[in-house]
Amino acid sequence: MAETTIQQRPLTGWDKPELDLTNAQWQSSSRGRGDVQIAFVEGFIAMRNSARPESPSLIFTPAEWGAFVSGAREGEFDLT
């Protein structure tokens, strides 16, 4: 089996910084019952899987977060 290396490059138009989430104060998204945690860091919103906190986090701008939450409330996203 040959080993391969994949270099990840930032997406075109990606204007979000690499945030240090080491000391982020994570909060459960649904009063402790959900699988998602969020943290507010340097003006951005980070979201992670609480069952796998070592997994990469999604980073949202405030406008993106608002659109995500609005879509979720309208049933556009299944958060279960």
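**Close-up views of the predicted model**

**Figure 1. Gln37 is buried, with 18% relative accessible area.** Buried stands for under 20% relative accessible area, exposed for over 50%, and partly exposed for the range in between, with a 1.4 Å probe and protein chains only. The model is predicted: local features need pLDDT of at least 70, side-chain atom pairs need pLDDT 80 or more, and totals for chains, interfaces and linings use all residues. Residue numbers start from 1 along each chain as its sequence is written, and side-chain values use heavy atoms, without hydrogens and water. Gln37 belongs to strand E2 (residues 36-41). Its side chain makes a polar contact of 2.7 Å with that of Arg48. A polar contact is a pair of N or O atoms within 3.5 Å; within protein, one must be able to donate a hydrogen and the other to accept it, and residues adjacent in sequence count only if both atoms are side-chain atoms. Beyond four places in sequence, Gln37 touches Trp26, Gln27, Ser28, Ala46, Met47, Arg48 and Ser50. Contact is taken as heavy atoms within 4.5 Å.

**Figure 2. Four strands form an open sheet in the order E1-E2-E3-E4.** The pairing is antiparallel. Strands and helices are DSSP runs, numbered from the N terminus, with at least two residues for a strand (E) and at least four for a helix (H or I). Two strands count as paired if DSSP finds at least two bridges between them. E2 and E3 are joined by 6 bridges. E3 and E4 are joined by 3 bridges. Which strands stand at the edges? Strand E1 (27-28) and E4 do; each has a single partner strand, so one side of each lacks a neighbour in the sheet. Along the sequence the whole protein reads β-β-β-β-α, with 1 helix and 4 strands.

**Figure 3. Glu42 sits in the loop between E2 and E3.** Phi of Glu42 is near 50°, a positive value in a residue other than glycine. Most residues other than glycine have a negative phi. The hairpin of E2 and E3 has 2 residues between its strands. Glu42 counts as exposed because its relative accessible area is 61%. At this end of the strands, Val41 stands opposite Phe44 in E3.

**Figure 4. The largest nonpolar core holds 8 residues.** Its members are Leu19, Ala24, Trp26, Ala39, Val41, Phe44, Ala46 and Ile59. E2 and strand E3 (44-49) each contribute at least two of them. A nonpolar core is a set of buried Ala, Val, Leu, Ile, Met, Phe, Trp, Tyr and Cys residues joined through side-chain atoms within 4.5 Å. Nonpolar side chains tend to be buried together in soluble globular proteins. Leu19 is in contact with Val41, Glu42, Phe44 and Ile59, leaving aside neighbours within four places. Apart from this core lies another, of 6 residues, including Ile38, Ile45, Trp65 and Phe68. In the pairing of E3 with E4, Ala46 stands opposite Ile59. How many residues of E3 are buried? The count is 5 of 6, and E3 is mostly covered.

**Figure 5. Thr61 lies in the loop between strand E4 (58-60) and helix H1 (62-73).** Thr61 and Phe44 are 17 residues apart along the chain, yet their C-alpha atoms are separated by 5.1 Å. Residues up to four places away set aside, Thr61 touches Lys16, Phe44 and Ile45.

**Figure 6. Glu54 and Arg52 form a salt bridge through their side chains.** The N to O distance is 3.7 Å. A salt bridge needs a side-chain nitrogen of Lys or Arg within 4 Å of a carboxyl oxygen of Asp or Glu. Side chains of opposite charge can pair when their charged atoms come close. Are the two partners buried or exposed? Glu54 counts as exposed, at 63% relative accessibility. Arg52 counts as partly exposed, at 48%. A search of the whole structure finds 1 salt bridge.

**Figure 7. The whole protein has 80 residues, of which 26% are buried.** Its accessible surface is about 6800 Å², and carbon and sulfur atoms hold 49% of that. Areas come from the Shrake-Rupley method with a 1.4 Å probe; for residues, only the protein chains shown count as cover. Among contacts with a separation of 6 or more, 17% join residues 24 or more positions apart.
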